[in-house]
Amino acid sequence: GKIGSPASLKMLEDAADTVKCDQNILDALAVLRSTAALDAGTGEPPETGQETRQETGNAESDRAVSALLKQLESKQVKERFEAVCSLGEMGSAVVPRVVETLETQDHDLPINALRLLGRIRSNLAAEETTAFLNREKRSPGVTFAAYEALNVCANIHSAAPLVWGVDSPLTHVRMSAVGLLDRNFTDVVFAELQNRIESGSKTRHLLVQAIIDSKCTKIIEAFLGSDSFSYVASNHLAKRATPEALKPFIRIAGKRGMTAREKKYREMLEDREQHNRSVAIVVSCLPTVRNLYETILFSAGYLPRVFSSSQDAFEAMAGSTPGLVLCDLFLDGITGFDLAGEIRHLYRQKELSVVVSTRQKDFTGPRMKALCRESGINGIIEFPGTITQIELSADE
């Protein structure tokens, strides 16, 4: 067919949808897709009036995006949250503008920009986040935000270049990294993890704990037959693993016919579920935040119930009174302050403590106390909070 026609474009698209697609095809396809002047394959440029209207619309859109990016730096919780929601709804079109805000000395702005890239969940957002993460060493808060953005994105092209995150001395970064590797598990990732687990290094137990606490089913299944992995995992499973973290081991051992192991894991689970524990509800859109606080709260004697949906969490606490609610500041369509307001229609502050966790330094400290009182929140802690910080805030 004629070059640039819909038929030729369709042929290129079909060719590009193969594993071994030539780079020349990808380049040609990109050029054809970017030729916006083609009008349904006729080769005719758009009318002048249409062009003018498009330029005006683009200018207005740019101004709207600029205003929202500025609002992303607001010192008001509601304004900043509204900017996150509005920009997220614009999709991939705003990714280049959001990426521009990443290289800044401000603590909160890159964290929220990465939150946005994760929220958009496009291939472009994933590519830009990966490139940003690998360009140079970042602060722990920004590194974690980038890994979590990728954790909620669609599958990334390759997780192998991001394996280095599992070597972090910080638990939350390590857990986020193994979670990403589990979602994008390949032979290369397996080999990288195998080298670390079987190395005999003193830090390998931290890696295995992160795999267990993050419930990395693919990684666990790949390594369950490994003596090194099983040896390192056994102590954590016997003493500290949450009931939910034990369940993948039960499923995999059962599927593989490892009867003795399955029985041992079931006995551990039954023992942990028998204790009379106060329920703690954890609400977060981010998988690592949920997994980390689940582990911390279980170790402190609570029975954690984790939710990604604020509505599901609210319905659960409406059915029976929990001992504690721990939620993120920014949730799915509402803030932690909004959720606390709804909870206060059910329970007074003395009846149920609500603690908010945030990665944003602008919304921690003494200046937030008045807002906490107005919203019925007992306290705000900076992520990742310790059990001492959580319980002290709950008592306020």
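**Notebook: strands, cavities and rings**

I began with strand S1, and found that S1 and strand S3 (residues 324–328) pair in the parallel sense, with 4 bridges between them. A reminder to myself: this is a predicted model. For a register point I took Ala-280, whose bridge partner in S3 is Leu-324.

Next I looked up the pairing of S1 with S2. S1 covers residues 278–283 and S2 covers residues 302–307; the two run parallel and share 6 bridges. Here I noted Val-279, which stands opposite Leu-303 of S2. How does the chain cross from S1 to S2? I followed the chain through helix H16 (residues 287–299), and this β-α-β crossover is right-handed.

A further parallel pair caught my eye: strand S4 (residues 354–358) with strand S5 (residues 379–382), over 4 bridges. Thr-358 has Glu-382 as its bridge partner in S5. Between these strands I found helix H19 (residues 369–375), and S4, H19 and S5 together make a right-handed β-α-β unit.

**Cavities**

How many cavities of 30 Å³ or more does the structure hold? I count 2.

The largest cavity has about 80 Å³ of space. I wrote down its lining: Arg-115, Leu-286, Val-289, Asp-328, Leu-329, Phe-330, Ser-357, Thr-358, Arg-359, Gln-360 and Phe-383. Thr-358 was already in my notes as the bridge partner of Glu-382, and here Thr-358 turns up again in the lining. By class, the lining divides into 5 nonpolar, 3 polar and 3 charged residues.

The second largest cavity has a volume of about 30 Å³. Around this one I listed Leu-72, Glu-73, Lys-75, Arg-80, Asp-106, Asp-108, Leu-109, Asn-112 and Asp-362. Which helix gives the most to this lining? My answer is H6 (residues 108–120), with 3 residues. The lining of the second largest cavity holds 6 charged residues, 2 nonpolar and 1 polar.

**Aromatic rings**

I then turned to the rings and came to a count of 8 aromatic pairs. One of them is Tyr-147 with Trp-164, an edge-to-face pair at 5.7 Å centre to centre with 65° between the planes. I checked that angle against the cut-off: planes over 60 degrees apart count as edge-to-face. The pair links distant parts of the chain, 17 residues apart: Tyr-147 sits in helix H8 (residues 140–151), and Trp-164 in the loop between H8 and helix H9 (171–183).

Are the two partners buried or exposed? Tyr-147 counts as buried because its relative accessibility is 0%. Trp-164 counts as partly exposed, since its relative accessibility is 36%.

I also followed ring pairs that link Phe-185, Phe-190, Phe-223 and Phe-229 into a cluster.

**Ile-197 and Phe-223**

My last stop was Ile-197, which lies in helix H10 (residues 187–197). With a relative accessible area of 0%, Ile-197 is buried; the cut-off I used for buried is under 20%. How far is Ile-197 from Phe-223 in sequence and in space? They are 26 residues apart in sequence, and 9.5 Å apart in space, C-alpha to C-alpha. That brought me back to the ring cluster, of which Phe-223 is a member.

Note on methods:
Residues numbered from 1 in each chain as written. Predicted model: local features only at pLDDT ≥ 70, side-chain atom pairs only at ≥ 80, totals over all residues. Heavy atoms only, no water. Pairing = 2+ DSSP bridges. Right-handed = clockwise from strand over helix to strand, strands pointing away. 1 Å grid on protein atoms, 1.4 Å probe; cavity = no way out; pocket = protein on both sides within 12 Å on 5 of 7 lines; lining within 4 Å. Points joined across faces, edges and corners; volume = space filled by probe spheres on them. Nonpolar A, V, L, I, M, F, W, Y, C, P; charged D, E, K, R; others polar. Phe/Tyr/Trp six-rings, centres within 6.5 Å; stacked < 30°, edge-to-face > 60°. Buried < 20%, exposed > 50% of the residue type's maximum accessible area, 1.4 Å probe, protein only.
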